[in-house]
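Colleague: Please take a close look at one part of this model, the contact between the two chains. I would like the terms explained as you go.

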Amino acid sequence: MGGSASLLPREALGEYQELTFLSKQEILLAYKRFSELLPKEERENACSVRVPKSQILKLPELRANPFQHRICHVFSTSDNGDDSMSFEDFLDMLSVFSDSAILEVKSHYAFRIFDFDDDGILDRKDLEKLVNCLTGQGEDSQLSNAEMEQLIQNILEESDIDKDGTINLSEFQLVVSRSPDFASSFKIVL
Amino acid sequence: MFSFVTLPSIIAKYGIFNSSFAESPPKNTELHCTVYTPSGNQGLVYFYTYLKDLLSGTGFLEMTSLFYGYYTIDAAWFSILRYNLPLAYLLATFAYLALSLLWIIKRSVEGFKQNLVHHEDQFQSYCNKVFAGWDFCITDPNAARLKHRSLQYELQTDLEEERLKRKIADRTMKEKLRIYSLRIFINIIVIAVLSGCFYSIYRATVFSQENSNKDVGNKNFQANLFVQYLPSVVITLANFIAPQIFSFLITFEDYSPAFEIRLTLMRCVFVRLANIGVLLFSLWSQISHCTTDKCKACGYNYELYPCWESEVGREMYKLMIFDFIIILAVTLFVDFPRKLLVTHCSCKPVQWCGLQEFGISDNVLEIIYGQTICWIGTFFSPLLPAIATIKYFIIFYIKKISLIHTRKPAARPIRASSSNFFFLVVLLIGLVLAFVPLGISIAHIPSSKACGPFRSFNTSWAVVPATVLGFPTGLQQVLHAIASEAFAVPFFMVICLIMVYLIALAGAHKRVVEQLREQLALESRDKLFLIRKITEAQRCP
């Protein structure tokens with residue numbers, strides 16, 4: 001812990017603490033885990049290096065997650081679309097998934113993660129992909145077409161308020177605010 | 001049980017701590033009732049006789065503290081204190097059963113509260129399952145696979161239940177008639193199957209009792225053992241076949257999946273517990289079968305059963321041992337070879353069979369069955385709970401090893417909280433069912449005059465009135481007053497009033513909950529109205 005603290009400048013630490021929902025220990029732990037993903041030579045200036053997506057997906061917290069690709073895509077600020085993450089992207093992600101993040105922030109990012117085609121609304125295709133992610137890959141673990149239709153119908157009935165066949169951000173946030181399990185399941189702790 | 005009954009007897013018989021004992025004198029009874037010569041082993045015996053005795057509770061085991069017949073002491077004296085053994089025996093049995101009852105009720109009340117809360121129709125259940133269903137903390141791929149499967153199963157069951165509800169609502173009169181008549185027909189088949197089981201158990205018990213009481217001269221060791229164990233074998237077969245039949249039949253009855261599971265479980269439970277009941281009933285019919293006058297004077301069949309409580313205890317002991325052997329045998333000879341076969345042989349039919357699934361309900365039913373035997377048998381065989389404890393200890397570790405190595409997780413993950421309450425209810429039914437035979441044997445059937453602590457009493461229960469008579473007169477009067485009508489009737493009325501009050505309170509709470517729910521629905525409708533107004537206002541600038 002002492003070794004990595006000396007590598008992360010104190011002003012940066014204070015800044016990160018103010019900008020995210022993470023505590024000092026959590027930021028230091030995140031720094032340690034992030035620099036472990038880098039090859040030895042680049043560990044000195046971990047703050048400015050981007051880690052490729054394949055390395056990020058090796059983290060145990062993301063390894064078994066069906067939304068791993070969407071998470072990397074949403075939090076990555078890379079210009080060339082390769083979904084690589086810098087240390088600040090990584091902190092951003094951990095901050096949203098931390099225990100102390102507020103519900104509005106979590107639901108905002110959950111909406112972006114579930115929006116598979118990035119068009120700002122959850123339409124039928126997004127919901128279908130979402131359900132297939134939940135039930136697992138493989139032929140026999142997917143719902144049949146009729147079941148999928150029925151399920152999407154029920155979801156839209158419960159959450160689509162303006163009856164336009166899609167769920168926008170405010171409808172999603174309303175539904176999630178009434179869901180008792182969301183806050184405890186939408187959480188990643190290192 | 002051990003500390004109050006067995007320990008004093010052992011101490012008194014061996015004269016430790018300056019104790020002595022007085023054998024209960026058989027008074028007011030005919031002489032022939034009291035003749036009891038346990039067929040202990042005399043002279044040179046073969047080694048396998050010991051094995052046979054261990055397995056069937058006869059011979060050298062008969063006169064040990066395992067069975068009722070050992071406790072012939074009426075009172076034991078420890079220095080100055082007089083220890084009333086018959087009373088202690090009776091009260092220890094009651095205390096043991098009462099403690100079990102209290103403990104089960106306490107656990108099931110907690111489960112009941114949880115069940116009630118979860119059972120209410122969840123508000124937006126689908127959105128909750130889909131948007132908040134995945135636990136982002138899962139890091140292990142195996143756990144992830146299980147979670148995927150349980151999510152898939154939950155979504156599919158919910159969708160199926162909804163489809164079924166719609167189908168039931170859409171049913172025409174003709175279809176309803178057809179379904180109900182089919183269900184009645186299948187229930188008749190179920191009752192027929194049950195009667196078949198009961199009858200076969202009755203015949204098996206009668207046959208076993210008749211043939212094992214003849215003087216067998218160590219001729220055919222295996223045949224004799226088999227005859228002794230015949231009731232246990234028949235019961236185990238019935239316990240195995242009946243559930244298969246039931247789960248086959250229920251597919252025709254067109255119930256919702258959750259209800260199907262519960263109904264099959266209830267039927268299997270009924271089969272298991274009623275089998276024990278029929279065994280006991282057939283034993284009693286044999287014991288009280290009296291044709292001669294001499295027999296009637298004793299009250300029970302003294303020729304065949306000079307010490308009938310030991311006989312009942314022996315049957316319970318055999319059931320328990322056989323249950324244990326079967327579980328061991330199934331684990332060793334079915335599960336492990338199956339696992340070896342599946343991993344090493346890759347031919348189609350073997351792979352299709354696959355590994356056995358771990359059925360939670362089956363295993364729980366086995367445990368409940370064993371525990372009911374233990375409860376019934378405690379009065380007749382005081383060391384039975386100790387044997388049961390050792391047995392469950394061993395079974396737990398064997399099942400654990402077998403589960404980890406040879407079983408695959410069930411394809412239908414069961415909801416833990418609601419099933420917990422259900423299994424506790426079934427255990428309670430088992431306990432209540434255990435009270436019935438005990439009550440009948442203690443209060444109705446005359447106790448053996450030839451053995452046991454209740455020799456000087458008519459029935460086992462008679463020791464309590466006898467003790468009460470020995471209390472000081474003040475206490476006697478109080479006890480008599482409590483038992484009299486002048487006290488019982490007002491007490492009963494007060495209890496009824498309290499019950500009516502609680503029912504009314506529960507009804508009022510339910511109405512409040514419904515009102516609150518309506519309010520919630522109204523609130524959401526108001527919100528929808530406002531949002532629609534806002535979107536309209538936004539559209540027209």
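Modeller: What follows describes the contact between chain A and chain B, and then the cysteines.

This is a predicted model, in which local features need pLDDT of at least 70 and side-chain atom pairs count only at pLDDT 80 or more, while totals for chains, interfaces and linings use all residues. Residues are numbered from 1 along each chain as its sequence is written, chains are lettered from A and ligands numbered from 1 in the order in which they are written, and side-chain values use heavy atoms, with hydrogens and water left out.

The contact involves 44 residues of chain A and 33 residues of chain B, where contact means heavy atoms within 4.5 Å. Between chain A and chain B, about 3400 Å² is buried, and carbon and sulfur atoms give 64% of that area. Buried area is the accessible area (1.4 Å probe) that two parts lose on being put together, summed over both. On the side of chain A, the residues that lose the most area to chain B are Leu134(A), Gln150(A) and Glu158(A), together 18% of what that side buries.

Next come the polar links. Between chain A and chain B, 10 residue pairs are in polar contact, both residues being at pLDDT 80 or more. A polar contact is a pair of N or O atoms within 3.5 Å; within protein, one must be able to donate a hydrogen and the other to accept it, and residues adjacent in sequence count only if both atoms are side-chain atoms. The interface also has 1 salt bridge, that is, a side-chain nitrogen of Lys or Arg within 4 Å of a carboxyl oxygen of Asp or Glu. Arg163(B) and Glu147(A) form a salt bridge through their side chains, at 3.8 Å from N to O.

In chain A, the helices that each supply at least two residues to the side touching chain B are α5 (60–63), α9 (124–135), α10 (145–159), α11 (169–177) and α12 (182–185). Helices here are DSSP runs (H or I, at least four residues), numbered from the N terminus. The most comes from α10(A), with 7 residues.

Finally, the cysteines. Over all chains there are 0 disulfides, a disulfide being a pair of cysteine sulfur atoms within 2.5 Å. The sulfur of Cys137(B) has its closest cysteine sulfur in Cys72(A), 17 Å away, which is too far for a bond. Cys137(B) is partly exposed, at 36% relative accessibility, and Cys496(B) is also partly exposed, at 32%. Partly exposed lies between buried (under 20% relative accessible area) and exposed (over 50%), using a 1.4 Å probe and protein chains only.
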